[in-house]
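Let's look at the labels used for this model and ask what stands behind each one.

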Amino acid sequence: MKPLDYNTGVVPSWCPGCGNFAIWNSIKKALSESDRQPYQTALVSGIGCSGKMSNHVKAYTLHGLHGRTLPVATGIKLANPEMTVLVNGGDGDGYGMGVGHFVHAMRRNVDLTYIVHNNRVYGLTTGQASPTNKEGVVTKSTPFGVVDGEMNPLALALVSGATFVARSFSADSDQMAELIQQAMDHKGFAYIDVLQPCVTFGGKFQYDYYHEKVYHIDEKHDTSDMGAAMKLVSESEKLPLGLFYKEEKDDYNSRHPEIAKAKVEKRDVRDLLNSHR
(Lines give C-alpha, C1' and ligand atoms only; values in the text may rest on other atoms or scores of the structure.)
Protein backbone atom coordinates (compact mmCIF):
# COMPACT_ATOMS: atom_id res chain seq x y z
CA MET A 1 0.00 0.00 0.00
CA LYS A 2 1.08 3.58 -0.63
CA PRO A 3 0.98 6.19 2.17
CA LEU A 4 -2.19 7.78 0.82
CA ASP A 5 -3.93 4.39 0.93
CA TYR A 6 -3.89 4.67 4.74
CA ASN A 7 -6.19 7.72 4.62
CA THR A 8 -9.66 7.15 6.00
CA GLY A 9 -11.23 9.99 4.04
CA VAL A 10 -12.01 11.97 7.19
CA VAL A 11 -10.74 15.54 6.75
CA PRO A 12 -8.55 16.69 9.68
CA SER A 13 -9.72 19.65 11.75
CA TRP A 14 -6.21 20.57 12.92
CA CYS A 15 -5.19 24.20 12.48
CA PRO A 16 -3.29 25.01 9.26
CA GLY A 17 0.40 24.45 9.96
CA CYS A 18 -0.22 22.17 12.94
CA GLY A 19 2.62 19.75 13.57
CA ASN A 20 0.13 16.90 13.70
CA PHE A 21 -0.05 16.87 9.90
CA ALA A 22 3.61 15.86 9.67
CA ILE A 23 3.14 13.15 12.32
CA TRP A 24 0.14 11.84 10.38
CA ASN A 25 2.16 11.71 7.15
CA SER A 26 5.11 10.06 8.88
CA ILE A 27 2.91 7.33 10.38
CA LYS A 28 1.39 6.56 6.98
CA LYS A 29 4.82 6.52 5.33
CA ALA A 30 6.22 4.21 8.01
CA LEU A 31 3.27 1.83 7.68
CA SER A 32 3.62 1.81 3.91
CA GLU A 33 7.37 1.20 3.86
CA SER A 34 7.09 -1.58 6.42
CA ASP A 35 4.21 -3.10 4.42
CA ARG A 36 1.90 -3.30 7.42
CA GLN A 37 -1.69 -3.75 6.39
CA PRO A 38 -4.56 -1.98 8.21
CA TYR A 39 -5.87 -5.28 9.60
CA GLN A 40 -2.43 -5.89 11.17
CA THR A 41 -2.32 -2.53 12.95
CA ALA A 42 -4.14 -1.01 15.92
CA LEU A 43 -3.92 2.69 16.73
CA VAL A 44 -4.93 3.96 20.17
CA SER A 45 -5.14 7.65 20.99
CA GLY A 46 -6.09 9.76 23.97
CA ILE A 47 -7.89 13.04 24.40
CA GLY A 48 -6.55 16.18 22.76
CA CYS A 49 -5.68 17.26 19.23
CA SER A 50 -3.30 14.30 19.03
CA GLY A 51 -6.22 12.02 19.84
CA LYS A 52 -7.84 12.82 16.53
CA MET A 53 -5.15 10.74 14.84
CA SER A 54 -7.40 7.72 15.26
CA ASN A 55 -9.86 9.35 12.86
CA HIS A 56 -7.36 9.61 10.04
CA VAL A 57 -5.30 6.41 9.83
CA LYS A 58 -6.83 3.33 8.24
CA ALA A 59 -6.35 0.69 10.94
CA TYR A 60 -8.21 -0.70 13.94
CA THR A 61 -8.53 2.39 16.11
CA LEU A 62 -9.71 3.39 19.55
CA HIS A 63 -10.03 6.97 20.79
CA GLY A 64 -9.87 6.47 24.53
CA LEU A 65 -9.99 8.45 27.74
CA HIS A 66 -7.59 11.19 28.73
CA GLY A 67 -4.28 9.71 29.89
CA ARG A 68 -5.49 6.13 29.49
CA THR A 69 -4.03 5.17 26.14
CA LEU A 70 -1.28 2.86 27.37
CA PRO A 71 -3.46 0.51 29.48
CA VAL A 72 -5.80 0.05 26.51
CA ALA A 73 -2.89 -0.50 24.14
CA THR A 74 -1.34 -2.98 26.57
CA GLY A 75 -4.58 -4.95 26.63
CA ILE A 76 -4.66 -5.11 22.85
CA LYS A 77 -1.08 -6.37 22.72
CA LEU A 78 -1.73 -9.02 25.37
CA ALA A 79 -4.85 -10.22 23.58
CA ASN A 80 -3.30 -10.27 20.12
CA PRO A 81 0.52 -10.38 20.17
CA GLU A 82 0.63 -10.40 16.37
CA MET A 83 -0.87 -6.93 16.16
CA THR A 84 1.36 -3.87 15.68
CA VAL A 85 0.09 -1.38 18.25
CA LEU A 86 0.69 2.35 17.79
CA VAL A 87 -0.20 4.82 20.54
CA ASN A 88 -0.62 8.56 20.00
CA GLY A 89 -0.93 11.05 22.83
CA GLY A 90 -0.10 14.59 23.72
CA ASP A 91 2.29 15.87 26.38
CA GLY A 92 -0.65 16.74 28.62
CA ASP A 93 -2.24 13.36 28.02
CA GLY A 94 0.89 11.28 28.52
CA TYR A 95 3.08 13.31 30.85
CA GLY A 96 0.28 14.79 32.97
CA MET A 97 -2.68 12.57 33.72
CA GLY A 98 -1.12 9.49 32.11
CA VAL A 99 2.37 9.66 33.58
CA GLY A 100 1.81 6.67 35.88
CA HIS A 101 0.83 4.48 32.95
CA PHE A 102 3.81 5.83 31.00
CA VAL A 103 6.26 4.67 33.68
CA HIS A 104 4.72 1.25 34.22
CA ALA A 105 4.42 0.41 30.51
CA MET A 106 8.14 1.12 30.17
CA ARG A 107 9.26 -0.90 33.15
CA ARG A 108 7.15 -3.80 31.85
CA ASN A 109 8.65 -3.36 28.38
CA VAL A 110 5.30 -3.86 26.68
CA ASP A 111 5.78 -4.17 22.91
CA LEU A 112 4.20 -0.85 21.88
CA THR A 113 5.18 2.19 19.81
CA TYR A 114 4.32 5.33 21.75
CA ILE A 115 4.40 8.67 19.88
CA VAL A 116 3.98 11.75 22.04
CA HIS A 117 2.98 15.01 20.32
CA ASN A 118 4.88 17.40 22.58
CA ASN A 119 3.88 21.06 22.15
CA ARG A 120 4.20 22.07 25.83
CA VAL A 121 0.52 23.05 26.15
CA TYR A 122 -2.96 21.59 26.29
CA GLY A 123 -3.82 22.74 22.76
CA LEU A 124 -7.39 21.48 22.47
CA THR A 125 -8.42 23.46 25.55
CA THR A 126 -6.67 26.55 24.15
CA GLY A 127 -3.25 26.72 25.70
CA GLN A 128 -2.85 25.80 29.37
CA ALA A 129 0.70 24.89 30.46
CA SER A 130 1.61 21.20 30.28
CA PRO A 131 4.36 19.45 32.31
CA THR A 132 6.96 20.15 29.60
CA ASN A 133 6.52 23.91 29.60
CA LYS A 134 9.33 26.07 30.96
CA GLU A 135 9.47 28.04 34.19
CA GLY A 136 8.33 31.61 33.79
CA VAL A 137 6.29 31.11 30.61
CA VAL A 138 2.92 32.87 30.72
CA THR A 139 -0.01 30.76 29.56
CA LYS A 140 -3.77 30.83 30.14
CA SER A 141 -3.40 28.69 33.26
CA THR A 142 -0.25 30.47 34.48
CA PRO A 143 -0.89 34.24 34.10
CA PHE A 144 2.09 34.99 36.38
CA GLY A 145 4.35 32.46 34.72
CA VAL A 146 4.93 28.72 35.17
CA VAL A 147 6.40 28.02 38.61
CA ASP A 148 6.70 24.24 38.32
CA GLY A 149 9.93 22.70 37.09
CA GLU A 150 10.07 21.51 33.47
CA MET A 151 9.62 17.77 33.10
CA ASN A 152 12.23 15.83 31.11
CA PRO A 153 10.23 12.87 29.73
CA LEU A 154 13.18 11.42 27.82
CA ALA A 155 15.28 11.15 30.99
CA LEU A 156 12.27 9.60 32.74
CA ALA A 157 11.97 7.05 29.93
CA LEU A 158 15.63 6.06 30.22
CA VAL A 159 15.49 5.44 33.97
CA SER A 160 12.10 3.72 33.74
CA GLY A 161 13.22 0.95 31.41
CA ALA A 162 12.18 2.02 27.93
CA THR A 163 14.19 -0.03 25.46
CA PHE A 164 13.88 2.40 22.53
CA VAL A 165 14.06 6.14 23.24
CA ALA A 166 14.05 8.74 20.47
CA ARG A 167 13.13 12.31 19.67
CA SER A 168 11.97 13.83 16.40
CA PHE A 169 10.65 17.16 15.13
CA SER A 170 7.51 17.69 13.11
CA ALA A 171 9.44 19.75 10.55
CA ASP A 172 11.59 16.70 9.86
CA SER A 173 8.98 14.26 8.58
CA ASP A 174 11.40 11.93 6.80
CA GLN A 175 13.47 11.34 9.93
CA MET A 176 10.28 10.87 11.94
CA ALA A 177 8.97 8.25 9.51
CA GLU A 178 12.28 6.39 9.72
CA LEU A 179 12.18 6.43 13.53
CA ILE A 180 8.56 5.25 13.62
CA GLN A 181 9.41 2.37 11.31
CA GLN A 182 12.36 1.40 13.52
CA ALA A 183 10.14 1.69 16.59
CA MET A 184 7.47 -0.60 15.13
CA ASP A 185 10.16 -3.17 14.27
CA HIS A 186 11.62 -2.97 17.78
CA LYS A 187 10.57 -5.74 20.16
CA GLY A 188 9.64 -3.88 23.33
CA PHE A 189 8.49 -0.46 24.45
CA ALA A 190 9.51 2.10 21.81
CA TYR A 191 9.02 5.73 22.67
CA ILE A 192 9.34 8.78 20.40
CA ASP A 193 8.91 12.30 21.75
CA VAL A 194 8.00 14.62 18.86
CA LEU A 195 8.58 18.37 19.13
CA GLN A 196 5.31 19.48 17.59
CA PRO A 197 4.54 23.23 17.63
CA CYS A 198 0.98 24.26 18.45
CA VAL A 199 0.75 27.11 15.95
CA THR A 200 -2.30 28.67 17.62
CA PHE A 201 -1.75 28.36 21.36
CA GLY A 202 1.91 27.33 21.65
CA GLY A 203 3.32 30.77 22.42
CA LYS A 204 7.00 31.13 21.60
CA PHE A 205 7.51 27.40 20.95
CA GLN A 206 7.04 27.59 17.21
CA TYR A 207 9.01 26.24 14.24
CA ASP A 208 11.54 29.12 14.33
CA TYR A 209 12.24 28.43 18.01
CA TYR A 210 13.01 24.78 17.32
CA HIS A 211 14.89 25.34 14.07
CA GLU A 212 17.45 27.33 16.06
CA LYS A 213 17.88 24.56 18.63
CA VAL A 214 17.56 21.15 17.01
CA TYR A 215 20.37 19.10 15.52
CA HIS A 216 20.78 15.46 14.48
CA ILE A 217 22.65 13.13 16.80
CA ASP A 218 26.08 12.17 15.48
CA GLU A 219 26.04 8.87 13.56
CA LYS A 220 28.87 7.66 15.80
CA HIS A 221 26.63 7.81 18.89
CA ASP A 222 26.52 4.41 20.59
CA THR A 223 22.80 3.73 21.14
CA SER A 224 23.62 0.98 23.65
CA ASP A 225 25.42 3.46 25.96
CA MET A 226 22.96 4.53 28.66
CA GLY A 227 25.34 7.16 30.03
CA ALA A 228 25.81 8.78 26.64
CA ALA A 229 22.05 8.74 26.07
CA MET A 230 21.39 10.38 29.43
CA LYS A 231 23.92 13.08 28.63
CA LEU A 232 22.18 13.83 25.33
CA VAL A 233 18.67 14.00 26.75
CA SER A 234 19.89 16.35 29.49
CA GLU A 235 20.89 19.01 26.99
CA SER A 236 18.65 22.06 27.25
CA GLU A 237 20.17 24.80 25.10
CA LYS A 238 20.33 22.50 22.08
CA LEU A 239 17.85 19.70 21.36
CA PRO A 240 19.30 16.56 19.75
CA LEU A 241 17.10 14.55 17.38
CA GLY A 242 17.35 10.85 16.63
CA LEU A 243 17.68 7.55 18.47
CA PHE A 244 19.22 8.03 21.93
CA TYR A 245 19.04 4.52 23.32
CA LYS A 246 18.14 1.02 22.23
CA GLU A 247 18.31 -2.22 24.18
CA GLU A 248 17.43 -5.77 23.19
CA LYS A 249 15.45 -7.30 26.05
CA ASP A 250 12.58 -9.73 26.40
CA ASP A 251 9.28 -7.91 26.14
CA TYR A 252 6.36 -8.37 28.53
CA ASN A 253 4.62 -11.05 26.48
CA SER A 254 7.82 -13.07 26.10
CA ARG A 255 8.29 -13.19 29.86
CA HIS A 256 4.83 -14.70 30.26
CA PRO A 257 4.85 -18.10 28.52
CA GLU A 258 1.13 -18.46 29.06
CA ILE A 259 0.61 -15.39 26.85
CA ALA A 260 3.18 -16.34 24.26
CA LYS A 261 1.61 -19.79 23.84
CA ALA A 262 -1.94 -18.53 23.69
CA LYS A 263 -3.57 -18.34 20.33
CA VAL A 264 -6.07 -15.73 19.30
CA GLU A 265 -9.38 -17.31 18.57
CA LYS A 266 -10.51 -15.93 15.25
CA ARG A 267 -14.20 -15.28 15.00
CA ASP A 268 -16.45 -14.13 12.22
CA VAL A 269 -17.69 -10.74 13.50
CA ARG A 270 -19.48 -9.61 10.35
CA ASP A 271 -22.93 -10.14 11.86
CA LEU A 272 -21.91 -8.14 14.94
CA LEU A 273 -20.59 -5.26 12.84
CA ASN A 274 -23.61 -5.27 10.56
CA SER A 275 -25.93 -5.09 13.57
CA HIS A 276 -24.48 -1.65 14.39
CA ARG A 277 -24.92 -0.17 10.92
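Q: Why is Cys49 not counted as part of a disulfide?
A: The closest cysteine sulfur to that of Cys49 is in Cys18, 6.3 Å away. A disulfide is a pair of cysteine sulfur atoms within 2.5 Å, so 6.3 Å is too far for a bond. Please keep in mind that this is a predicted model, where local features need pLDDT of at least 70, side-chain atom pairs count only at pLDDT 80 or more, and totals for chains, interfaces and linings use all residues. Residues are numbered from 1 along each chain as its sequence is written, and side-chain values use heavy atoms, with hydrogens and water left out.

Q: What makes Cys49 partly exposed?
A: Its relative accessible area is 26%. Buried means under 20%, exposed means over 50%, and partly exposed is in between (1.4 Å probe, protein chains only), so Cys49 is partly exposed.

Q: How do you know what holds for Cys15 and its closest cysteine sulfur?
A: That sulfur belongs to Cys198 and lies 6.4 Å away, so it is too far for a bond. Cys15 is partly exposed too, at 35%. Across the whole structure, the search finds 0 disulfides.

Q: Why is Ser54 called buried or exposed?
A: Ser54 has 6% relative accessibility, so it counts as buried. Ser54 sits in the loop between E1 and strand E2 (60–63); strands (E, at least two residues) and helices (H or I, at least four) are DSSP runs, numbered from the N terminus. Leaving aside residues up to four places away in sequence, Ser54 touches Leu43, Ser45, Thr61, Leu62 and His63, where contact means heavy atoms within 4.5 Å. Ser54 and Val87 are 33 residues apart in sequence, with their C-alpha atoms 9.4 Å apart.

Q: What makes strand E3 (residues 84–90) mostly covered?
A: In E3, 7 of its 7 residues are buried. Thr84, Leu86, Asn88 and Gly90 point one way, while Val85, Val87 and Gly89 point the other way. In a regular strand the side chains alternate between the two faces of the sheet.

Q: How do you know which strands pair with E3?
A: Two strands pair if DSSP finds at least two bridges between them. E1 (residues 41–45) and E3 share 5 bridges in the parallel sense, including Ala42 with Val85. E3 also runs parallel to E4 (residues 113–118), joined by 5 bridges, and there Gly90 partners His117.

Q: Why is Leu272 called buried or exposed?
A: Leu272, in helix H10 (residues 270–274), has 51% relative accessibility, so it counts as exposed.
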